[in-house]
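Biologist: Please take a close look at the ligand site in this model. I would like the contacts, the make-up of the surroundings, and then a word on the cysteines.

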Amino acid sequence: MKLSHRITHITGGGSDGWDVFYKARRMIADGVPVTELTIGEHDIGTSHAILEAMHASAMGGHTGYAMVPGTHALRKSVAARIAARTGVPTTADNILITPGGQAALFAAHTAVCNPGDTAAYIDPYYATYPGTIRGAGGVPKAIVTSPDTAFQPTAEALTQATKGAASLLVNTPNNPTGVVYSAQTLQAIADACKENDLWLISDEVYDTQVWEGAHISPRSLPGMAERTLVVGSMSKSHAMTGSRVGWICGPADAIAQIINLSTHTTYGVAGYIQDAADFALNQGKAAEEEVSAPFRRRRALSMQALEGQNVVRAVPAQGAMYVMLDIRATGMSGEEFANALLDAEHIAVMPGESFGQAAAGHIRVAMTIADDQYVDALSRLIAFASTRAGATP
Ligand code: PLP
């Protein structure tokens with residue numbers, strides 16, 4: 001039987017960029033010890049306090065259908081957090097609770113793209129972006145950045161590439177590069193959206209992981225609140241990846257329409273998960289800092305490990321749970337390097353090419369294992385790269 005074009009073409013054909021990850025998983029299943037630095041999964045689990053709140057809610061009976069837009073309490077807490085962090089007046093009517101940031105990305109594109117509309121996004125990008133756009137019926141268009149501009153898009157590229165598009169998707173702090181967009185870049189993004197009359201979809205799931213500078217939500221720039229849909233999530237900020245809870249924040253009339261989409265797709269998020277998320281948000285900043293602290297620490301450890309050699313260079317990253325390493329001095333592609341490193345050292349990292357053409361010749365390292373093991377893995381990675389480059393580590 002035939003399946004729809006939308007489904008069979010969702011990945012765009014070719015490799016989905018996860019080959020090294022799957023190879024590492026096969027090795028682990030075969031009993032080979034592999035140091036896993038591929039995906040953005042914390043090495044700590046969800047805190048016991050959050051799990052206890054979840055348990056109490058479920059045992060208290062919040063196991064039936066929950067309100068589709070989200071419980072009023074959680075919508076209010078998310079709105080209050082966003083208002084406090086950005087200064088933009090935000091109420092529960094601006095918030096739709098979704099099963100994670102990924103569902104929010106899909107719902108946001110479905111809301112603003114008609115079939116065949118161009119939806120722009122910045123390369124390097126989080127691996128699901130083009131498929132999400134295709135799944136929502138849009139036509140993905142990459143705006144390719146360069147390591148020479150620290151992977152920040154230029155004003156010219158933004159204005160040119162977004163002409164005639166319906167939406168622009170940006171992500172800061174950025175996965176995979178760890179780059180936090182400057183005020184200047186965000187202004188250029190806002191200008192391009194206003195000039196070409198675009199919706200901005202702003203993926204801010206790493207907003208609590210900023211090591212240098214400050215995260216600016218583009219929704220807070222003049223004239224942007226009415227054309228921005230912010231994607232947020234509890235996954236990274238509260239180590240709740242498996243709970244599947246996130247949100248879209250946007251104009252109340254747009255949110256009211258997107259709620260109709262939720263009614264016909266997800267039918268909301270489990271009530272006990274929402275209660276746990278509400279509990280977590282009300283723990284305040286200290287709880288978020290506890291979750292982000294290991295990555296801040298390991299980012300500093302990464303910089304120390306990279307000192308005194310110039311074969312492996314870090315992209316100057318200011319946020320998120322990854323370091324992006326430039327390994328072009330080895331003469332290998334990111335994919336060749338990641339495969340060879342896995343074979344020789346049993347260290348699994350993501351090739352830059354998995355995140356678009358701009359990150360070719362790079363690898364993304366997730367800082368998601370204990371500090372001592374992480375430092376050991378990095379020093380073996382550097383020694384491996386140095387040998388390949390013919391240099392002394
Ligand atoms: N956006 C970015 C940039 C991500 O890296 C991720 C997950 O890794 C997501 C969105 C989706 O996160 P979730 O669906 O767990 O909220």
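Modeller: In this predicted model, a backbone N or O atom of glycine 101 lies 2.6 Å from an oxygen atom of the ligand. Two side chains also make polar contacts with ligand oxygen: a polar side-chain atom of arginine 244 is 2.7 Å from an oxygen atom, and an N or O atom in the side chain of asparagine 175 is 2.8 Å from an oxygen atom. The ligand taken alone exposes 400 Å², and the protein buries 93% of that area.

The shell around the ligand holds 15 residues, of which Gly101, Asp203, Tyr206, Ser233 and Ser235 come nearest. Sorted by class, this shell has seven polar, five nonpolar and three charged residues. Helix 5, spanning residues 100–112, gives the most to the shell, with four residues.

As for the cysteines, the count of disulfides is zero. A disulfide is a covalent bond between the sulfur atoms of two cysteines, and the cut-off applied here is a sulfur pair within 2.5 Å. Cysteine 193 does not form one because its closest cysteine sulfur, in cysteine 113, is 12 Å away, too far for a bond. Cysteine 249 is in no disulfide either, and the nearest cysteine sulfur, that of cysteine 193, is 16 Å from it. Cysteine 193 is buried, with a relative accessible area of 0%, and cysteine 249 is buried with a relative accessible area of 0%.

Definitions and conventions: Residues numbered from 1 in each chain as written. Predicted model: local features only at pLDDT ≥ 70, side-chain atom pairs only at ≥ 80, totals over all residues. Heavy atoms only, no water. Near = heavy atom within 4 Å. Polar contact = N/O pair within 3.5 Å; in protein donor to acceptor, adjacent residues only side chain to side chain. Areas by Shrake-Rupley, 256 points an atom, 1.4 Å probe, with all protein chains shown as cover. Helix = DSSP H or I, 4+ residues; strand = E, 2+ residues; numbered from the N terminus. Nonpolar A, V, L, I, M, F, W, Y, C, P; charged D, E, K, R; others polar. Buried < 20%, exposed > 50% of the residue type's maximum accessible area, 1.4 Å probe, protein only.
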